[in-house]
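This note is addressed to a colleague who is new to the structure. Please read the numbered points with the model in view.

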Amino acid sequence: MDIDEKGYLTVSNTTDYDVIIIGSGPGGYVTAIRSAQLGLKTAIVEREHLGGICLNWGCIPTKALLRSSEIYHYMQNASDYGLSAGKPGFDAKAIVERSRGVSGQLNAGVNGLLKKNKVDVIWGEAKISKPGEVVVSETSKKAMEPQHKVPRGVKEPGTYTSKHIIVATGARPRVIPGIEPDGKFIWTYFEAMVPEKMPKSLVVMGSGAIGMEFASFYHTMGADVTVVELLPKILPVEDEEISAHAKKRFEKAGMRILTGAKVAKVEKKSAGIIASVELEDGSKEDISAEKLISAVGVQGNIENLGLDELSVKTDRGVISADGFGRTSVEGIYAIGDVAGPPMLAHKAEHEGVICVEKIAGLDAHPLDKSKIPGCTYCHPQIASVGMTEKAAKEAGHEVKVGKFPFIGNGKAIALGEADGMVKTVFDAKTGQLLGAHMIGAEVTELIQGYVVAMNLETTEEDLMHTVFPHPTLSEMMHESVLDAYDRVIHM
C-alpha cells in the first residue's frame with residue numbers, strides 16, 4: 001500500500017480481504033482499526049462521510065452546540081458569580097460553524113487513523129451479493145460538508161471478497177406517518193443541528209436523549225419550547241425519580257412539558273406549524289410554533305444491503321445478532337445501532353471489538369448490555385448505568401437505595417450548581433451495585449466511576465472504603481453509597 005502525491009492511499013489489485021466492514025461510524029471505524037491491529041487484512045466501505053452519524057451529525061456536533069448554549073447560559077447569569085459582561089448575545093451562524101468545524105476536525109482524524117492502521121477505504125454503496133462477497137457501486141450520496149474532505153476510495157467501485165463481512169450501517173431518524181420531516185417546518189436532528197437562525201418557538205416531539213438535548217439547547221438560546229411525550233414521563237429509560245427531577249427543573253426554567261400526550265397531526269402554515277396535540281386527560285390543544293423537531297427514536301439502516309435475499313434474520317427493523325455479532329448467516333455479522341438497542345456509540349465500538357476479536361480467535365466475551373452507561377447532555381445533565389429502582393424490584397431484588405443531593409456538596413455549591421442528585425441501588429442481600437442514576441452538573445463525566453465499579457463486581461463495602469477526593473462532585477457518589485446503608489455524613 002502506497003500514498004500518492006495528493007496524500008490518498010493506493011493499494012495492489014487484489015480484492016481479497018479477511019474483513020470488510022460496511023459503514024464507518026464509531027462501530028465501523030473502531031472495528032476496522034482493531035481488525036488491522038490483529039493482523040487481518042481489512043477494508044471499510046463508506047458512502048457518505050467517515051465517522052458516521054455520531055461524529056458528523058450526532059454525538060459530537062450536538063455537544064458543540066450544547067457547549068455554546070451552556071456558555072451563553074452562564075453569560076446570562078454572570079451576576080450570580082459576581083461578574084458583569086454587558087448584555088450577552090449570540091451569532092447563530094457562528095455557533096453552527098463552530099459545531100461543523102469540530103465535526104470536520106474529527107472527520108479528518110478518522111481518515112488519518114484508518115491510513116495509519118493500513119485500513120483500505122472503499123468509497124461507495126455496499127450490497128452483500130452472497131456470503132463472502134460485497135458489491136460496491138457508485139455512491140448516490142454527496143458529502144454533506146464541503147470541509148469534510150471525502151477520501152478517494154483506495155479501490156474503484158466493484159466486487160470485493162472477504163471471509164467476514166460486518167454490517168455497521170447505523171440508524172436514521174424514525175418517521176411518523178403524516179408527520180414526515182420536510183426540512184423546512186418539520187425537522188429531524190439533521191436540520192435542527194444547522195439552523196439558519198434560531199427559531200422563537202418550537203415543539204419537540206419525543207423526550208428521549210435526542211429530544212431533550214435539542215429542547216434544552218433551543219430553550220437556552222431563547223426559544224419558547226414545548227415537549228410532547230407519549231409516555232407518562234420524560235426520559236422514559238431513566239429512573240422515575242431522576243425523570244421527575246428533570247421535569248421539575250425544565251419546567252422551572254420555563255419549558256413546557258406535556259406527558260401522556262400525542263401529536264396527532266401537524267398543519268403547515270406560512271409562518272410555521274400548528275401541532276394538534278391529544279392530551280393525557282383526553283382533551284385536545286393546538287400549539288403554534290415556528291418549527292417542530294421530530295425526535296421519536298431511530299430505526300436501523302437495513303435496506304438495500306442484500307439482507308432479505310440472503311435470509312439474514314431481522315427483527316423490528318434491526319438485524320438479529322448474538323453476543324459476538326454473528327447473524328443467522330455464517331460469515332455475516334452486525335454491530336452497533338443496526339444490531340439493535342441500546343443505540344449508543346460506545347456500545348457500537350465495544351460490540352465491534354468483541355466481534356472482530358472473536359473472528360481472530362481471541363478469547364472474547366459477549367458484551368454485558370446491563371453495564372452500558374447512558375448520558376443525556378441537556379441542562380441539567382443526566383447519566384445512568386444498570387437497573388432503575390423499579391426494574392430491580394421487578395427483577396426480584398430486595399434493594400437498598402441511597403440518595404444524595406447536590407445541595408449537600410461543597411463543590412456543587414461553589415460551582416453554582418446546587419440542584420441535582422445521585423442515586424444508587426444495591427442488592428440488600430449481597431451488596432451488589434445494581435444501578436446508579438444521576439442528574440446535575442457534569443454527571444456525564446462522573447458516571448464512569450460507577451461503571452468501573454459494576455464491571456469489577458464491586459460491593460457496597462468496597463465503595464464505602466474508597467477515598468474520594470475533596471472538594472469534588474465525586475464525593476456525592478460516596479455519600480449516596482453511605483446513605484443506602486444509613487451511614488451518610490453530610491445530610
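1. The model is predicted. A convenient starting place is strand E6 (residues 125-130), which runs antiparallel to strand E7 (residues 133-137) and is joined to that strand by five bridges. Within this pairing, Lys127 has Val135 of E7 as its bridge partner.

2. E6 and E7 form a hairpin with two residues between the strands, and Gly132 adopts a positive phi near 90 degrees there.

3. E7 also pairs with strand E8 (residues 159-167); the two run antiparallel and are joined by three bridges. Val135, already named as the partner of Lys127, has Thr159 as its bridge partner in E8.

4. Turning to the interior, the largest nonpolar core comprises 36 residues, and Tyr218 and Val225 have the most contacts inside it. Two or more residues each are contributed by helices H3 (59-76), H4 (92-116), H5 (189-192), H6 (209-220) and H7 (240-253), and by strands E11 (201-205) and E12 (224-229). H6 supplies the largest share, five residues.

5. Tyr218 deserves a separate look. Beyond its neighbours within four places in sequence, Tyr218 is in contact with Trp187, Ala192, Pro195, Met198, Pro199, Leu202, Ala223, Val225 and Ile293. A second, separate core has 29 residues, among them Phe406, Ala412, Leu473 and Met477.

6. Is Thr62 buried or exposed? Thr62, a residue of helix H3, has a relative accessible area of 8% and is therefore buried, the cut-off being under 20%. Setting aside residues up to four places away in sequence, Thr62 touches Met193, Glu213 and Phe214.

Conventions:
Residues are numbered from 1 along each chain as its sequence is written. This is a predicted model: local features need pLDDT of at least 70, side-chain atom pairs count only at pLDDT 80 or more; totals for chains, interfaces and linings use all residues. Side-chain values use heavy atoms; hydrogens and water are left out. A nonpolar core is a set of buried Ala, Val, Leu, Ile, Met, Phe, Trp, Tyr and Cys residues joined through side-chain atoms within 4.5 Å. Buried means under 20% relative accessible area, exposed over 50%, partly exposed in between (1.4 Å probe, protein chains only). Helices (H or I, at least four residues) and strands (E, at least two) are DSSP runs, numbered from the N terminus. Contact means heavy atoms within 4.5 Å. Two strands pair if DSSP finds at least two bridges between them.
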